Amino acid sequence: MKTKVILENQNDYAKQENKDFETLYMRAMLLALLEDKKITKVQYEECKRRLKIT
């Protein structure tokens with residue numbers, strides 16, 4: 001399953017806010033999948049590494 005959040009960028013501040021939001025959104029989605037046991041801890045860590053989410 002691939003999901004991409006696309007937000008329209010208006011200025012530099014909006015670009016940074018959108019990037020921050022996308023990171024938080026992806027982290028929340030991964031945590032939800034992990035909690036629902038849709039993915040394993042190993043898959044969770046691999047996704048975080050690939051998405052460069054700390």
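# Exercises on two helices and their contacts

Leucine 34 has its place in helix α1, and the model in which these exercises find it is a predicted one.

**Exercise 1.** Describe the surroundings of leucine 34: is this residue buried or exposed, or does it fall in between, and which residues does leucine 34 touch beyond those up to four places away in sequence?

*Solution.* Begin with accessibility, for which buried means under 20% relative accessible area and exposed means over 50%. Leucine 34 has a relative accessible area of 21%, and therefore it counts as partly exposed. Next, look for partners, leaving out residues up to four places away in sequence: leucine 34 touches Ile39, Thr40, Lys41 and Tyr44. Finally, take one of these partners, tyrosine 44, which is 10 residues from leucine 34 in sequence, while the C-alpha atoms of the two are 6.7 Å apart in space.

**Exercise 2.** Carry out a similar description for leucine 31, and state what distance separates its C-alpha atom from that of tyrosine 44.

*Solution.* Leucine 31, too, is found in helix α1, and with a relative accessible area of 34% it is partly exposed. Along the chain, leucine 31 and tyrosine 44 are 13 residues apart, and their C-alpha atoms are separated by 7.9 Å.

**Exercise 3.** Compare the span of helix α1 with the span expected for it, and then name the residues of α1 that are buried.

*Solution.* Helix α1 covers residues 12-35, which gives it 24 residues. From its first C-alpha to its last it reaches 35 Å, and this is close to the 34 Å expected at 1.5 Å a residue. The buried residues in α1 are Ala14, Asn18, Met26 and Leu30, and the buried residues of this helix pack against α2.

**Exercise 4.** How are α1 and α2 arranged relative to each other, and which residues meet where they pack?

*Solution.* First take the geometry: the two helices, α1 and α2, pack at an angle of about 170°, and their axes are 10 Å apart. Angles over 145 degrees count as roughly antiparallel, and so α1 is roughly antiparallel to α2. Now list the residues on each side: α1 contributes Met26, Leu30, Leu31 and Leu34, and these meet Lys41, Tyr44, Cys47, Lys48 and Leu51 in α2. Sorted by class, this contact of α1 with α2 has 7 nonpolar residues, no polar residues and 2 charged residues.

**Exercise 5.** How many salt bridges does the model have, and which residues are linked in a network of them?

*Solution.* The principle comes first: side chains of opposite charge can pair when their charged atoms come close. A side-chain nitrogen of Lys or Arg has to lie within 4 Å of a carboxyl oxygen of Asp or Glu, and by this rule the count comes to 3 salt bridges.

- Lysine 41 pairs with glutamate 45, their closest N and O atoms being 3.5 Å apart. The two stand 4 residues apart in helix α2, which covers residues 41-51, so that about one helical turn separates them. Glutamate 45 is partly exposed, at a relative accessible area of 36%.
- Arginine 49 and glutamate 46 form a salt bridge of 2.6 Å, N to O. They are 3 residues apart in α2, again about one helical turn. Arginine 49 is exposed at 56% relative accessibility, whereas glutamate 46 is partly exposed at 28%.
- Arginine 50 and glutamate 46 form a salt bridge of 2.8 Å, N to O. Here the separation in α2 is 4 residues, or about one helical turn, and arginine 50 is exposed, with a relative accessible area of 64%.

The spacing can now be explained: an α-helix has 3.6 residues a turn, so residues three or four places apart point the same way. Glutamate 46 takes part in the bridges to arginine 49 and to arginine 50, and thus Glu46, Arg49 and Arg50 are linked in a network.

**Exercise 6.** Where are lysine 37 and lysine 52 located, and what is the sign of phi at lysine 37 and at lysine 52?

*Solution.* Recall that most residues other than glycine have a negative phi. Lysine 37 is found in the loop between α1 and α2, and although it is not a glycine, its phi is positive, at about 60°. Lysine 52 lies in the segment after α2, and it also has a positive phi of about 60° without being a glycine. As a last step, consider accessibility: lysine 37 is exposed, with a relative accessible area of 73%, and lysine 52 counts as exposed at 74%.

Conventions
Residues numbered from 1 in each chain as written. Predicted model: local features only at pLDDT ≥ 70, side-chain atom pairs only at ≥ 80, totals over all residues. Heavy atoms only, no water. Buried < 20%, exposed > 50% of the residue type's maximum accessible area, 1.4 Å probe, protein only. Expected span 1.5 Å × (residues − 1). Contact = heavy atoms within 4.5 Å. Axes fitted to C-alpha atoms, helices over the stretch in contact; angles between N-to-C directions. Parallel < 35°, antiparallel > 145°, perpendicular 65-115°, else oblique. Nonpolar A, V, L, I, M, F, W, Y, C, P; charged D, E, K, R; others polar.
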